[in-house]
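Okay, thanks for coming, everyone. I've got one structure to walk through today, so let me put it up on the screen.

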Amino acid sequence: MKRSRINQIMAEADELIRRHGFVLPPFARWSPEEFRARRDVARHLIDARCGWDITDYGANDFDRMGLFLFTLRNGRLADLQAGRGMCYAEKLLISRRDQLSPMHTHRLKAEDIINRGGATLVIELYGSDDAGNFAEDRGGTAMCDGIARTYAPGEKLRLAPGESVTLMPGDWHAFWAEGGDVLIGEVSTVNDDETDNIFRDPIGRFATIEEDEAPAHLLVSDYRDWLG
């Protein structure tokens, strides 16, 4: 993806988030130079990879397959393993109309996916086989707003604003917005986007960046190169 396109997506996302009554935290406004100057006091943000995240899954067609994310807070894996402390994470996502977030699951993360506003969020669900792999012939059970619901293989849940689904490790899911853009909330256990996204098809989690202009803000995938 071109950096200029990423900068544009950031501006558009910020506007949509504000229209729905949300405001991103102060560190979302930091320029790369400000982030670098504050990196010692912002070590948790860097290590937990909080911040801007825009991906085309390596397909170079963001409008067809992609996702905007902003990690608001993220806990520590050591706390999750110990069963106490900061065991949670929270994100805002934007799924554009008919923009696919492809089929995947998580080995560790449990998550609530919440339609925070906009159009309809469609979530396609499959279960796992006994080894945890994608199973085209298996469904499972998820909770919709706290109510247990059994889903058939390939069933599509349609979430209106305010509705949510709870997915556990091994629940394979893809999602997209239907009828317009959707602002999505994600509340989960500790999030690890580098190792805990298992895709059905061989695709990448992060975009490859073409530096055609300076970044307005750093992506979480920029931290290693820019901040150390």
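So, the largest pocket has about 200 Å³ of space in it. It has 15 lining residues, and the ones closest to its centre are Ala 48, Arg 49, Asn 74, Asn 191 and Asp 192. If you sort that lining by character, you get five nonpolar, four polar and six charged residues. Keep in mind that this is a predicted model.

Now for enclosed space. How many cavities of 30 Å³ or more are there? The count is one cavity, and about 140 Å³ of space lies in the largest cavity. Its lining is 16 residues, with Tyr 57, Leu 67, Leu 69, His 104 and Asn 197 nearest the centre. Strands β2, β3, β4 and β11 are the elements that each give two or more residues to that lining. By character, the cavity lining splits into six nonpolar, four polar and six charged.

Let's stay with β11, which covers residues 172-189. Of its 18 residues, 13 are buried, so the strand is largely enclosed by the rest of the structure. Which strands pair with it? One is β3, residues 88-95, antiparallel to β11 over eight bridges, where Glu 90 has Val 187 as its bridge partner. Then β4, residues 101-105, also runs antiparallel to β11, joined by two bridges, and there His 104 partners His 173. You've met His 104 already, as one of the residues nearest the centre of the cavity. And β5, residues 111-128, is antiparallel to β11 with 14 bridges; in that pairing Thr 120 stands opposite Glu 178.

On to charges. The count is 24 salt bridges, and I'll pick out a few. Asp 193 and Lys 91 meet at 2.8 Å, N to O. Asp 193 sits in the loop between β11 and β12, and Lys 91 in strand β3, so the pair ties together parts that are 102 residues apart in sequence. Are these two buried or exposed? Asp 193 is at 9% relative accessibility, so it counts as buried, and Lys 91, at 3%, counts as buried too.

Next, Lys 156 and Glu 124, at 3.9 Å, N to O. Lys 156 is in β9 and Glu 124 in β5, so this pair links parts 32 residues apart in sequence. Here Lys 156 is partly exposed at 37%, while Glu 124 is buried at 16%.

Last thing: Asp 53, Lys 91, Asp 193 and Arg 205 are joined into one network by salt bridges that share partners. Okay, over to you.

Conventions. Residues are numbered from 1 along each chain as its sequence is written. This is a predicted model: local features need pLDDT of at least 70, side-chain atom pairs count only at pLDDT 80 or more; totals for chains, interfaces and linings use all residues. Side-chain values use heavy atoms; hydrogens and water are left out. Buried means under 20% relative accessible area, exposed over 50%, partly exposed in between (1.4 Å probe, protein chains only). Helices (H or I, at least four residues) and strands (E, at least two) are DSSP runs, numbered from the N terminus. Two strands pair if DSSP finds at least two bridges between them. On a 1 Å grid over the protein atoms alone, a cavity is a set of points where a 1.4 Å probe fits but cannot get out, and a pocket is an open set with protein on both sides within 12 Å along at least five of seven lines; lining residues have an atom within 4 Å of a point. Grid points are joined across faces, edges and corners, and a volume is the space filled by probe spheres set on the points. Ala, Val, Leu, Ile, Met, Phe, Trp, Tyr, Cys and Pro count as nonpolar, Asp, Glu, Lys and Arg as charged, and the others, Gly among them, as polar. A salt bridge is a side-chain nitrogen of Lys or Arg within 4 Å of a carboxyl oxygen of Asp or Glu.
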